[in-house]
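Q: Could you take me through one part of this structure slowly, as if I were new to reading protein models? I'd like to know which strands pair with which, and how that part ties in with the rest.

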Amino acid sequence: MRRIVVPLLLGIIFLTLQTTLLTSLPIQRIRPDIVLILILYLSLFYPPISGGILALFMGFLMDLFSGNVFGLYTLSRPLIFYVAQFFKGGIYLESFTSQFLFVFIFDLVEGLLILLFLNALNPGPIGHLYPLLFTFLLPQSFFTGLITPTLFFLIRKVSFSLFSHHEMGVMERGDRL
Amino acid sequence: MRIRSLFLFRRYTIPAFIIILLLSTLIVMSLRVKQRKGVDFFDALLMEFCAPFQKVSTFVIKSIRGVFQEYLFLVHLQKENVMLKQRIAELQKENHQMKEMALANERLQKLLQFREKISPSMVAAEVIGQDPSSWFKSVTINKGEKDGVRKGMAVISSEGVIGQILKTAPHYSTVLLITDYNSAIDSVIQRTRAKAIMEGKGENRCQLKYLLRTEEVIVGDIVVTSGLSGNFPKGLMVGEVRKVDKKGHGVFQYAELVPSVDLTKLEEVLVITGSSPLQEGKEKKGKKTPVNPVRRKGGALTPHPQ
């Protein structure tokens with residue numbers, strides 16, 4: 001139970017910080033997406049079922065406090081979770097650079113995915129959103145990647161202190177570290 | 001056979017679960033777009049649970065900021081004080097002139113037998129959180145359905161229009177800002193009374209669309225609400241034109257405008273919970289409630305005043 005509740009609470013706290021503290025700082029264009037960092041961390045250490053449900057729930061919470069009418073994060077976050085899980089075996093994630101690149105690329109991918117969904121679901125053209133790729137998405141992804149090693153370190157510390165095994169999640173049958 | 005089927009089940013459990021999970025997110029998206037009541041109820045429940053975290057966090061941040069601003073950063077305070085006093089004096093003079101003009105206008109309107117505007121009732125709310133995503137523009141406020149807030153209600157400040165209510169919970173609501181690409185408000189250019197639709201452009205900018213090429217619009221023109229949609233009262237400040245784009249061809253021209261309200265520094269807002277006579281008329285049309293007639297002098301029947 002604790003292995004589900006703790007990341008859930010952590011997700012709510014990260015969302016609260018993202019909607020309050022990070023928005024009050026004068027860093028509008030480079031506000032990092034710390035909820036995404038948590039989801040990508042879960043993709044590395046959590047099993048597919050419980051991790052997927054957590055990712056879906058966090059995406060749902062993002063949509064709840066967003067002006068997002070369609071609920072795009074409810075779809076994009078679990079998708080990003082599973083894609084990251086698919087690639088995790090082939091990526092070395094112990095260095096600063098690899099962690100930065102890992103999150104930077106996935107943040108970019110998610111941004112492009114959101115733009116694709118918006119284009120597909122809107123009746124009219126939304127050409128004025130394309131410049132946001134360069135003015136918002138790239139700087140945001142960069143800074144999200146930049147703070148990733150620090151957050152990964154902090155989350156790992158929390159998991160070490162709260163759980164007897166060094167991995168945060170539960171090992172499901174057939175799943176290996 | 002049983003062992004084989006068990007093995008197959010274990011082997012395909014996770015891929016099947018992933019497919020079901022992703023399909024369920026598509027179903028949730030579809031239900032949300034159709035605004036099904038079940039989804040709204042679940043949304044409201046989660047918002048009630050999570051919004052207090054935002055409220056506490058905002059309170060802590062404001063307190064810390066208050067300490068810095070009110071005690072530590074007391075630089076240039078006297079100069080600023082003198083400047084502000086001068087500005088107050090100028091504004092008071094302007095205010096007096098405006099009041100005179102308003103009174104004159106009221107008299108003229110009565111003379112011409114126009115209907116009196118009912119000043120809308122409002123609820124003050126505090127902004128407790130911003131949109132977590134960079135693609136969308138919204139804020140969360142600490143007033144909800146229990147305070148009379150409903151979806152579609154206009155949200156304003158003393159400086160102008162902010163947006164409209166998008167989602168509600170019993171004690172909290174989400175406001176869609178005018179800079180969000182989903183937002184569209186019926187507007188007019190104050191100087192020429194040219195009509196247009198103001199849509200959000202993503203960043204702290206809006207654009208005027210469906211403005212006829214024959215209409216005159218220049219940089220610096222003020223844009224106000226037209227009042228035609230019903231939820232925004234007429235004459236509220238929306239923004240100022242910063243760029244005009246006539247394009248090479250077409251029936252319409254486009255203009256970019258800066259909102260009059262600084263949407264990155266919102267702290268308190270007003271939600272218009274009352275309605276104008278136009279909206280009341282529309283609501284009554286939809287409801288078709290019976291009225292009790294009152295017999296006046298002379299025998300004519302009139303509806304009972306409500």
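**The barrel that holds β1 and β12 of chain B**

A: Let's begin with strand β1 (residues 122–130) of chain B, which pairs with strand β12 (residues 268–272) of chain B in the antiparallel sense over five bridges. Keep in mind that this is a predicted model. If you want one pair to click on, try B:M122, whose bridge partner in β12(B) is B:I272.

Now look at β12(B) again, since strand β3 (residues 154–157) of chain B also runs antiparallel to it, joined by two bridges. Here B:V155 is the one to find: its bridge partner in β12(B) is B:V271.

Next, hop over to strand β2 (residues 138–141) of chain B. Four bridges join β2 to strand β5 (residues 173–177) of chain B, and this pair is antiparallel too. Within it, B:V139 stands opposite B:V175 in β5(B).

Put those pairs together and you can trace the whole thing: six strands of chain B form a closed barrel in the order β1-β2-β5-β4-β3-β12, with antiparallel pairing. Neighbouring strands of this sheet are turned by 45° against each other on average, direction ignored. As you follow any strand along, it helps to know that in a regular strand the side chains alternate between the two faces of the sheet.

Chain B has another barrel to look at. Six strands close up there in the order β6-β7-β8-β11-β10-β9, again with antiparallel pairing. The twist from one strand to the next averages 40° in that barrel. One of its pairs is strand β6 (residues 184–189) with strand β7 (residues 195–200), antiparallel over five bridges. There, B:V188 has B:K195 in β7(B) as its bridge partner.

So how does our part tie in with the rest? Go back to B:V155 and B:V175. Both are among the residues with the most contacts inside the largest nonpolar core, which has 88 residues. That list also includes A:V35, A:L38, A:I39 and A:L40 from chain A. Helix α3 (residues 34–45) of chain A gives the most to this core, with nine residues. Zoom in on A:L38 and, leaving aside its neighbours within four places in sequence, you'll find it in contact with A:L10, A:G11, A:F14 and A:I155.

While you're in chain A, have a look at helix α5 (residues 73–87) as well. Its 15 residues reach 21 Å from the first C-alpha to the last, close to the 21 Å expected. This helix is mostly covered, with 12 of its 15 residues buried; among them are A:Y73, A:L79 and A:F81.

Definitions and conventions
Residues numbered from 1 in each chain as written. Chains lettered and ligands numbered in written order. Predicted model: local features only at pLDDT ≥ 70, side-chain atom pairs only at ≥ 80, totals over all residues. Pairing = 2+ DSSP bridges. Axes fitted to C-alpha atoms, helices over the stretch in contact; angles between N-to-C directions. Expected span 1.5 Å × (residues − 1). Buried ≥ 20, exposed ≤ 12 C-beta atoms within 10 Å, placed from the backbone. Core = buried A, V, L, I, M, F, W, Y, C linked by C-beta atoms within 7 Å. Contact = placed C-beta atoms within 7 Å.
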